[in-house]
Amino acid sequence: MYAGRSRSLFFVLLIAVLVGALAFMLAACGGTTTTTAGETTTTAAGETTTTTAGEEEPFIFGMLLVGPYNDRGYSQAHYDAGLYVQEKAPGTEMIYIDKVNAADRPGTTPAQLAEDLLSKGAQLIIFNSDDMKDSALDFARAHPEVPVIHASGDSAWEEGKDYQGLPNLGNIMGKMEYGKMIAGYAAALTTKTGQIGYLGPLINDETRRLASSAYLGAHYAWETVLGNDPADLKFKVTWIGFWFNIPGVTSDPTQVAQDFYNQGFDVVISGIDTTEALVEAGKLSAEGKEVWAIPYDYEGALTEAPEVALGVPYFHWGPDYLRHVEAVRAGTWVPSWEWQAPYWADINDPDNSPIGYVKGDALSAEASAKVDEFIKELAGGLELWAGPLNLQDGASYLAAGEKATDQQIWYLPQLLQGMEGQSVSD
């Protein structure tokens, strides 16, 4: 009796093994992309996760950040945009390397670091700084099968001076010129000394046009809105030498901000990636001095010293990055050059506007209302990049009634007449 039961049990087990093996072979031939059980992945937050058998592999996009991912400025705006993509597009994952600059990573190029992201599975690489232009080109040429986005730059601009026409490299930039105009406008409405300082990074086409945009906004408010003599407005630019402080290499932005305030400049507009000007204004305000500041890049920067903040012009890269990531995933992505204006229906719409301006607590109710009117004017076609305008050395830039072309603005060769400060590097 027991021998018969053993033989029956043997045949039952044999059938079960054969059925299991057949199921395994059918699954292997089914065409579903799966990950190996127990495989680990590092997330954008630095956490380690484990994917289990049957899960689809994520679409990984890699990002190179010129500064710290949590700098409360330019790099954090990009990092947060990556988190936005992950939230809006399930199945995507950001990996990143921050502090991608010669001081923090001497002897290492962004292109080399992009190779590391590629080795970790990145299917799209984003270079986030104008400073990375050469490396973005080098990497794109070495990997023509990998889509590459360079934030800023003109390599994909057919009408630009440095068009390369690479089939896998596109450029994205928001028209921060509008944000800077709003910043300058708010500064001019607020200043009591008629002296506005601009804390600049390094000198190039981008930084000249942004500083000049702030000046144009200030000049418009000072003369047209307030009815003051334009000769009584002082607008000075001091450059530190890079996008943020590098001890021993750049000028100290805290010291530059202090110098402005000590010399009678009561509003400092920041053009660098970090918040030293705002922090310094907060300290001086606590000592009883009437000073203000406008940071840059990051929507959350105002929390550093809200009591002296007139607002912040900021980038919101999320919607554009989402659009490009989805196109790459769908196989429809093509390189393009994009320089996009704010979404004028609501410049602070997080799902549509690449550029925004959050008003600060220190902006008076009257000035706040005027800023709203100015934004409406810009949305309605007000053009401050229009003649007559001269360059800093007195040369004619735009004749009376002439509106600047994209090329004239993008490649601005000098600061504008009426501005103090260097126009070119030594």
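**Figure 1. Isoleucine 125 in strand 5 of the predicted model****.** Isoleucine 125 has its place in strand 5. With a relative accessibility of 0%, isoleucine 125 counts as buried, because the cut-off for that class is under 20%. Apart from neighbours within four places in sequence, the contacts of isoleucine 125 are Gly62, Ala114, Leu117, Leu118, Phe139, Val146, Pro147, Val148 and Ile149. For one of these residues, valine 146, the C-alpha atom is separated by 7.6 Å from that of isoleucine 125, and the two residues are 21 residues apart along the chain.

**Figure 2. The pairing of strand 3 with strand 5****.** Strand 3 (residues 59-64) and strand 5 (residues 124-127) run parallel and are joined by 4 bridges. Glycine 62 is the residue that stands opposite isoleucine 125 in strand 5. Glycine 62 also appears among the contacts of isoleucine 125.

**Figure 3. The open sheet of 6 strands****.** The strand order in this sheet is 4-3-5-6-7-13, and the pairing is parallel. Strand 4 (92-97) and strand 13 (337-340) stand at the edges; each has a single partner strand, so one side of each is left without a neighbour in the sheet. From one strand to the next, the twist averages 20°. Helix 2 (residues 74-88) packs on the sheet, where it touches strand 3, strand 4 and strand 6. The direction of helix 2 makes about 160° with that of strand 4.

**Figure 4. The buried residues of helix 4****.** Helix 4 spans residues 133-142, and its residues Lys133, Ser135, Ala136, Leu137, Phe139 and Ala140 are buried. These buried residues pack against helix 3 (110-119) and against strand 5, strand 6 and strand 7. Phe139 is one of the residues in contact with isoleucine 125. Lys133 and Leu137 are among the contacts of serine 155.

**Figure 5. Serine 155 in the loop between strand 6 and strand 7****.** The loop that holds serine 155 lies between strand 6 (148-151) and strand 7 (169-174). Serine 155 has 3% relative accessibility and therefore counts as buried. Leaving aside neighbours within four places in sequence, serine 155 is in contact with Lys133, Leu137, Asp162, Tyr163, Gln164, Gly165, Leu169 and Asn171.

**Figure 6. The open sheet of 5 strands****.** Here the strands follow the order 11-10-8-9-17, with parallel pairing. Strand 11 (292-294) and strand 17 (419-420) are the edge strands, each pairing on one side only. Strand 8 (residues 195-200) pairs with strand 10 (residues 267-270) in the parallel sense, over 4 bridges. Within this pair, glycine 197 stands opposite valine 268 in strand 10.

**Figure 7. Helix 5 and helix 7 across the strands****.** Helix 5 (residues 176-190) lies across strand 8, strand 10 and strand 11. The angle at which helix 5 runs to strand 10 is about 170°. Helix 7 (residues 253-262) lies across strand 8, strand 9 (234-239), strand 10 and strand 11. Helix 7 runs at about 170° to strand 8.

**Figure 8. The largest cavity and its lining****.** A search of the whole structure finds 1 cavity of 30 Å³ or more. The volume of the largest cavity is about 70 Å³. Its lining consists of Val66, Tyr74, Ser129, Asp130, Ser152, Met173, Glu206, Trp243, Asp273, Tyr296, Asp297 and Phe315.

**Figure 9. The second largest pocket****.** This pocket has a volume of about 260 Å³. The elements giving two or more residues to its lining are helix 6 (205-225) and strand 15 (389-390). Helix 6 gives the most, with 6 residues. The lining comprises 14 residues, of which Leu216, His219, Leu384, Ala386 and Leu389 lie nearest the centre of the pocket.

**Figure 10. The protein as a whole, as context for the close-up views****.** The secondary structure comes to 11 helices and 17 strands. The protein has 426 residues, and 52% of them count as buried. Among contacts with a separation of 6 or more, 65% are accounted for by residues 24 or more positions apart. The accessible surface comes to about 18,700 Å², of which 52% belongs to carbon and sulfur atoms.

How values were computed: Residues numbered from 1 in each chain as written. Predicted model: local features only at pLDDT ≥ 70, side-chain atom pairs only at ≥ 80, totals over all residues. Heavy atoms only, no water. Buried < 20%, exposed > 50% of the residue type's maximum accessible area, 1.4 Å probe, protein only. Contact = heavy atoms within 4.5 Å. Areas by Shrake-Rupley, 256 points an atom, 1.4 Å probe, with all protein chains shown as cover. Pairing = 2+ DSSP bridges. Axes fitted to C-alpha atoms, helices over the stretch in contact; angles between N-to-C directions. 1 Å grid on protein atoms, 1.4 Å probe; cavity = no way out; pocket = protein on both sides within 12 Å on 5 of 7 lines; lining within 4 Å. Points joined across faces, edges and corners; volume = space filled by probe spheres on them.
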